[in-house]
Amino acid sequence: MPYRLGVDIGGTFADFCLLDEATGALSTLKVLSTPATPGAEVIAGLQGVEKRFGIAADAITWFTHGTTVGVNAVIQRKGIRLALFVTRHFRDVLELARLKSPDPYHLLSQRPAPLVPRERVFEIDGRLGADGAELEPLDEASVEAALAAAEAAGAEGVVLALLHAYRNPAHEHAAKAVIARRRPDLPVYCSADVWPIIREYERTVTATVHGHAQPRVAQYLGALQAALRQAGVAAEPMVTKSNGGVMRAELGKTRCVEMLLSGTAAGAIGAAFVAREAGVARAMSLDIGGTSADVAVIIDGAPSYGTGERVGDFQVFIPTVAVSSIGEGGGSIAAVDALKRLTVGPESAGSTPGPACYGRGGTRATITDAMCVLGLIGHGALGYDSVTVRRDLAEAAVDAIAAPLGRTREQAAEAIVQVAISGMYREISKLAARQGVDAREFCLLPFGGAGPMLGALLARELGMREVLVPTTPGVLSALGGLIADIRGDVIETVYADLDAPSLPRILDAFARLEAEAMRWIREDQRFRGEVTLRPSAEMRYRGQSFEIEVPLERDWLARADRAAIAEAFHRTHERIYGHADAEAPIQAIALRMVVEGAVPRPRFPEQPRETGAPVPLREVGIWLDGARRTAPLYARSALRHGHRFAGPCIVLQEDCTTCVPPGMSGAVDRFGNLRLTLG
């Protein structure tokens, strides 16, 4: 029987989701991550799949994988040592950035130090105009001098980000050829090849982030390919991308920047699929793992997309699923500072040593330890029996927080949870304001190992009236990678007025983008199924500083329908800014083409409706809302369509624990999802 396997590796657990192509049935598994030996958890998971489900590695015909190797290299600044070559007089492009405060709500916030410090930025001679025409030829001697200086500075790779390369990459390619003649072993990255976008800082920072992480990602993917072959997996591995799609791992070795946010994107794709199947029109996904909480807005079964998402301290200006990260996860460490203030995160215990209650050597209190002390988790093994919860160790860790605070053990544990919830509340409120939505009008969809544990508590504070907990929330990111389509983006900057004389040039550019998109999916991805092409344009009124992305119809391009393109821009501008000017001239700055090839989806079977009340496993003691209480403990596997229950209660399953606080009631829908309602 053929099977498709999706794998997502987080800071604490690696998640596995297996799809039976014949029946559409899903099987899931978790194993502990192995940060010291990346990739070892994949092999351990394959062994666990065979032991648990009897499915051998050679039965896997499709393998998708989300990895955090690239993003961790950037966050921890453990990529290669780069030099940056720029056009003369533009040495400070990374230092100047956009002269913005990283956090306008924090008076002391500072911009992060660039990945390439100023002493490793070198100028070369040669100049292109804004239209891409050569004003001054490239001086090869200056390139050689910059290379010598870079070698003396210990550079392990070079990024070329020359002025106006988005319009004409000739100088970057010529400089790369000069470097290759002298140092063919030295990695060289051209900004126009990484992502040819207008604006020098945005293109340069995207290229430096890519170059910093690329060798580590390529090394990791090569090792993964070898390990899978050795394990007997014949399928060519695919990797999830930041744009919510997948591509061949072989291509990921050279397109690292496109997969930096693969894990967070896959989670949003999985959540969007669940929301669409459940008939939820407006959802907010909440993916809480061991290190962070990731939030995405989902409307009509599709997540929001954008550019400029952050990878660590830096924005990367590539198409991504719009996900906001909060530095609080189940493994976030609690501490008391010199002023006796309680803080939670962003430091995380990860999987090694992990929270104290895991019994793996951790001694510092985490959110997970606090939930254990409160009696809200720990009534069964975690992560498919990979962790046995030690309440005594959690209590010892929380006691170290309680003493300086002058609180009891339970009060300190609840304070840790409250601080974490308040941090999530703040960040989600800011996200809602940026996107112009009211969180109270959305259904919260928590997932990840710690999402259902904290999700209902957060929804109660936000005033969100509904929470949807999927059937296997602990592995939803792995499901998202499994069902993600093959998806590629190509872009070309045209900087043209949307008028009759310029329209042929715009249409010619779209034709080139379509040809390149089809070459990518047919040749690079070797996909033979039906494909969908989605054109769009980044447009603005002439005189504006920034543009907006406008989805277009291929039929408009085929008919050369300039009026339809203009009307689409006016409508989009009206929707975003509340006004439009039908008489103002329009500019098309950059054109995009997205190509997608669909993959099989699982089928969620509908359950027959049950009558009567669910029977709890037992009553357990908890501490919640400042008081000791008793709460029924339910097995998720025993909750069927039609069952109803009321908070406070706890729902236990193999991949996570769902906590239902007082003031919330629950029901099971026809797909087995838990639907929690406030009030």
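Is arginine 98 buried, exposed or partly exposed? Arginine 98 is partly exposed, at a relative accessible area of 37%. Here buried means under 20% relative accessible area, exposed over 50%, and partly exposed in between (1.4 Å probe, protein chains only).

This is a predicted model: local features need pLDDT of at least 70, side-chain atom pairs count only at pLDDT 80 or more, and totals for chains, interfaces and linings use all residues. Residues are numbered from 1 along each chain as its sequence is written, and side-chain values use heavy atoms, with hydrogens and water left out.

**Salt bridges**

The structure holds 48 salt bridges (a side-chain nitrogen of Lys or Arg within 4 Å of a carboxyl oxygen of Asp or Glu). Three of them are listed here.

| Pair | Closest N to O distance |
|---|---|
| Arginine 98 and glutamate 202 | 3.0 Å |
| Arginine 182 and glutamate 151 | 3.5 Å |
| Arginine 409 and aspartate 399 | 2.9 Å |

Arginine 98 pairs with glutamate 202. Arginine 98 sits in the loop between α3 (93-96) and β6 (121-124), and glutamate 202 in helix α7, so this bridge ties together parts 104 residues apart in sequence. Helices (H or I, at least four residues) and strands (E, at least two) are DSSP runs, numbered from the N terminus. Glutamate 202 is buried, at 8% relative accessible area.

The bridge between arginine 182 and glutamate 151 joins helix α5 (residues 170-182) to helix α4 (residues 140-152), parts that are 31 residues apart in sequence. Arginine 182 is partly exposed at 41%. Glutamate 151 is partly exposed at 30%. Both belong to a salt-bridge network with Arg183 and Asp185.

Arginine 409 bridges to aspartate 399. This pair ties helix α12 (residues 409-435) to helix α11 (residues 391-405), parts 10 residues apart in sequence. Arginine 409 has a relative accessible area of 28%, and aspartate 399 one of 29%.

**Two helices**

Helix α5 has 13 residues and reaches 19 Å from its first C-alpha to its last, close to the expected 18 Å. The expected span is 1.5 Å times one less than the number of residues. Its buried residues are His171, Glu172, Ala175, Val178 and Ile179. They fall within an arc of 120° seen down the axis, so they line one face of the helix. The arc is that of the directions from the helix axis to the C-beta atoms.

Helix α12 has 27 residues and reaches 40 Å, close to the expected 39 Å. Just after α12, glycine 436 takes a positive phi of about 70°.

**Nonpolar cores**

A nonpolar core is a set of buried Ala, Val, Leu, Ile, Met, Phe, Trp, Tyr and Cys residues joined through side-chain atoms within 4.5 Å. The largest has 129 residues, and Leu84, Met539 and Leu591 touch the most other members. Helix α7 (residues 200-231) gives the most to this core, with 10 residues. Apart from it lies another core, of 78 residues, including Leu286 and Met424.

Beyond its neighbours within four places in sequence, methionine 539 is in contact (heavy atoms within 4.5 Å) with residues including Leu498, Ile565 and Phe569.

**Aromatic pairs**

The structure holds 3 aromatic pairs. Rings of Phe, Tyr and Trp (its six-membered ring) pair if their centres lie within 6.5 Å; planes under 30 degrees apart count as stacked, over 60 as edge-to-face and the rest as tilted. Tyrosine 541 and phenylalanine 569 have ring centres 4.8 Å apart and planes at 75°, so the pair is edge-to-face. Tyrosine 541 is buried at 7%, and phenylalanine 569 is buried at 0%. Tyrosine 634 and phenylalanine 645 form a tilted pair, 5.8 Å centre to centre with 40° between the planes.
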